[in-house]
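Q: Could you take one helix in this model and walk me through it closely? I'd like to hear which way its side chains face and what sits around it.

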Amino acid sequence: MEKVKSRKINRSVLIKEDKFIDSVLRPASWSDYIGQEKIKNAVSLILAAAKKRNECSDHLLFYGPAGLGKTTLANLVAKELKGNLKVATGPALQKLGDLAALLSNLENQDVLFIDEAHRIPKSVEEMLYPAMESRQCCLTVGKGLASRLISLDLPAFTLICATTRPSLLSNPLRSRFGAIFKFDYYTIEEIKTIILRSAKLMKIKLTPEAILSLAKASRFTPRVANRLLKRARDFAEVNNFNLIDDNVIFETLKFLAIDELGLETGERYLLETIIKKFHNRPVGLNALAAVSDEEKGTIEEIYEPYLMKLGFLQRTPQGRVATEEAYKHLKIHTR
């Protein structure tokens with residue numbers, strides 16, 4: 001392998017290019033959407049029934065780890081219903097006026113997609129209840145004795161909420177969805193198919209061994225697989241490689257400080273902290289966050305789901321412990 005050549009790259013150009021490539025790689029039809037077959041079939045049935053009755057679809061709730069296709073499926077639902085997709089996030093809806101402005105701009109058959117729905121404030125969330133049930137937007141104008149309630153009629157629309165923390169959603173909100181779907185991690189074969197499709201769209205040549213190595217490091221997540229594919233393409237272009245083989249993938253992962261299973265520096269350090277500093281005795285989340293200098297949300301939402309998927313981490317009533325598989329992967333001898 002030749003030594004990596006130094007080349008200054010404009011970061012803003014890379015970001016713009018990545019966003020454009022992401023839009024190209026996003027599936028535009030049901031046939032392009034790979035994986036999550038049970039969810040696809042169930043959603044297709046709901047949409048077909050709604051179209052047959054000439055009605056809007058029931059409201060849908062998607063939950064699961066980030067990068068598994070929740071936003072993409074929301075896009076496909078909007079296309080299937082032939083409506084516009086309006087996108088918002090929970091953190092952006094901090095005031096009643098924020099949600100009211102969003103709801104009042106909806107048109108018939110529109111799909112409103114709210115990501116990170118667990119971060120919607122309780123006061124704002126309550127405005128969604130009448131909007132979901134009776135298509136009413138209720139606002140209180142004025143203060144004290146001069147206050148009055150204004151009710152606005154809303155067009156037929158479908159609300160799709162996505163969250164990585166379903167336990168943080170209130171029961172009143174969760175109960176108003178017509179269907180709730182959990183997105184699971186993809187299989188290696190599904191990820192390989194996604195990489196092949198993306199490589200074809202990006203006009204990249206890969207060996208079968210390179211595709212497998214990418215799939216193994218993708219964390220069973222399409223978004224990560226596409227991101228690693230783009231970085232491998234960058235590495236190959238800078239070093240004038242016409243074909244991306246297993247060595248190119250190895251060097252790319254090494255440059256990104258990612259191991260063959262997709263573990264990043266923070267995750268490896270987390271496991272090492274449990275094993276070495278706490279001698280693999282059960283450790284609580286607060287203590288683990290303090291010692292590893294990571295936010296509790298990062299550990300719970302990003303690190304733990306994948307480490308548990310690999311079988312490297314267990315959550316017990318007493319705390320977190322590393323497994324024998326973690327010892328083997330980190331090449332740490334057990335006591």
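A: Let's start on the open side of helix 2, where Lys38, Asn41, Leu45 and Lys52 are exposed. Keep in mind that this is a predicted model. The other side of helix 2 holds its buried residues: Ile39, Lys40, Val43, Leu47 and Ala50. Looking down the helix axis, those buried residues fall within an arc of 100°, so they line one face of helix 2.

What do they pack against? The buried residues of helix 2 have strand 1 (60-63), helix 3 (70-80) and strand 7 (179-182) as their partners. As for how it sits, helix 2 lies across strand 1 and strand 7, and runs at about 160° to strand 7.

The length checks out too: helix 2 covers residues 37-52, and because 16 residues at 1.5 Å a residue should span 22 Å, the 22 Å between its end C-alpha atoms agrees. Just past the end of helix 2, asparagine 54 has a positive phi of about 60°.

Now for the sheet underlying those two strand contacts. Strand 1 and strand 7 pair in the parallel sense, with four bridges, and tyrosine 63 stands opposite lysine 182 of strand 7. Both strands belong to an open sheet of five strands, ordered 2-3-6-1-7 with parallel pairing. Strand 7 is an edge strand, as is strand 2 (85-89); each of them pairs on one side only. From one strand to the next, the twist averages 15°.

Definitions and conventions: Residues are numbered from 1 along each chain as its sequence is written. This is a predicted model: local features need pLDDT of at least 70, side-chain atom pairs count only at pLDDT 80 or more; totals for chains, interfaces and linings use all residues. Side-chain values use heavy atoms; hydrogens and water are left out. The expected span of a helix is 1.5 Å times one less than its number of residues. Buried means under 20% relative accessible area, exposed over 50%, partly exposed in between (1.4 Å probe, protein chains only). The arc is that of the directions from the helix axis to the C-beta atoms. Contact means heavy atoms within 4.5 Å. Two strands pair if DSSP finds at least two bridges between them. Axes are lines fitted to C-alpha atoms, for helices over the stretch in contact, and angles run from 0 to 180 degrees between N-to-C directions.
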